[in-house]
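Trainee: I have just opened this one. Can we go through what the terms rest on?
Mentor: Yes. Let us look at it together.

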Amino acid sequence: MDTVPLIDVRALVDPTSSPQARREVAARMGAACRNTGFFYVVGHGVDVGLQTRLEALARDFFARPEEEKQRVRMALGGRAWRGFFPVGGELTSGRPDRKEGLYFGTELSPDDPRVRAGTPLHGPNLFPLEPDGLGGAVLAYMAALTSLGHALMSGIALSLDLEADFFAARYMADPTVLFRIFNYPPGPEADAQGLPVWGVGEHTDYGVLTILKQDDAGGLQVKTRQDGHTRWVDAPPVEDAFVCNIGDMLDRMTRGVYRSTPHRVLNRAGRDRLSLPFFFDPDWTAEIAAIDSPALKDAGADDHAERWDRQSVHSFRGTYGAYLLGKVGKVFPDLRAEVL
Ligand SMILES: O=C(O)CCC(=O)C(=O)O
Ligand SMILES: [Fe+2]
């Protein structure tokens, strides 16, 4: 309970595995979702060569001069909300994070009806021209992680006694995919007032499932809860494993039984930390509702009084797109006027 469990998900990824093997993996995922809301996955099948290439290209990009990075600044991405933001440009829990980043999403052409209609967060990516190959590697990685996301969601569905394709059919036929590459520069742990300078402040993720690749610097912390006590534990890097966690929408759908657990980052490595979170979220137009399953008869407590943002995810009614826009406006106040 106090550490983040590690789950071999090979049986969910391998099309020839037995139903029994799938159910066993699903049961482990279900236990992790009820307890920490966080777990590592190995046996995920994502090509190591692709991961290494993408990491090297990302390091190359962030090491470039600020004015070069600004050539793909978010303001140029318009309503699609893509591109680069500098250190301090994002406010996760009301204060600027010490991180810079690149935002990507599903690649849509300007002719796509949603783009033509001006739907926020939909559009083409804003890829840097240099280093050469970064855009292609990002697209290949997003495709690989989309497959993995569907496989992991089949396990989560089985863990709730639902059909394996429940999420793919009902909520994620056309998933909202947000992919980010963050660089956390080193720096003092506290500011002039003695307050900690977070790479990312305490927060929960907005959607259903986050699949995170982190480098070997460490610094990710997860808030666990046991017997009414909370405790921050480290989620250190594990060789060829992704860190997975569930977000507010799955918490909402399971009435709090599966937890969207708060987490934060403090880079103490004394060097840059690179992380690549992939957010695998419901369709933009999906209406979020509680799932009807006997596996969810013991609903969790409404925890809004203890939550980092004091909001109740359980009272939310509406589409995932509406939920996401409300959140994004808070973390990027400067871009809000343009998009909302
Ligand atoms: O960089 C990390 O390890 C975590 C990032 C994160 O929590 C997020 O982007 O939601
Ligand atoms: Fe997060």
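**Ligand 1 and helix α6**

Mentor: An oxygen atom of ligand 1 is 3.0 Å from an N or O atom in the side chain of Asp205. Keep in mind that this is a predicted model.

Trainee: What makes that pair with Asp205 a polar contact?

Mentor: The cut-off for two N or O atoms is 3.5 Å. The Asp205 pair lies at 3.0 Å, so the pair counts. The side chain of Tyr184 has an N or O atom 2.5 Å from a ligand oxygen. For Arg273 the distance is 2.9 Å. Both are within 3.5 Å, so they count too.

Trainee: How much of the accessible area of ligand 1 does the protein cover?

Mentor: It covers 94% of the 290 Å² that ligand 1 has on its own. The space taken by the ligand is the largest cavity.

Trainee: Which element gives the most to the shell around ligand 1?

Mentor: Strand β12 (273–283) does, with four residues. β5 (175–184) and β11 (263–265) also give two or more.

Trainee: Why is Phe182 of the shell called nonpolar, and Arg273 charged?

Mentor: Phe is on the nonpolar list and Arg on the charged one, so the labels follow. The shell divides into seven nonpolar, three polar and two charged residues.

Trainee: How do you know that the span of helix α6 agrees with its 26 residues?

Mentor: At 1.5 Å a residue, residues 134–159 should span 38 Å. The end C-alpha atoms are 37 Å apart, so the span agrees. After α6 comes Asp161, with a positive phi near 60 degrees.

Technical notes: Residues numbered from 1 in each chain as written. Chains lettered and ligands numbered in written order. Predicted model: local features only at pLDDT ≥ 70, side-chain atom pairs only at ≥ 80, totals over all residues. Heavy atoms only, no water. Polar contact = N/O pair within 3.5 Å; in protein donor to acceptor, adjacent residues only side chain to side chain. Areas by Shrake-Rupley, 256 points an atom, 1.4 Å probe, with all protein chains shown as cover. 1 Å grid on protein atoms, 1.4 Å probe; cavity = no way out; pocket = protein on both sides within 12 Å on 5 of 7 lines; lining within 4 Å. Sits in = over half its atoms within 2 Å of the grid points. Expected span 1.5 Å × (residues − 1).
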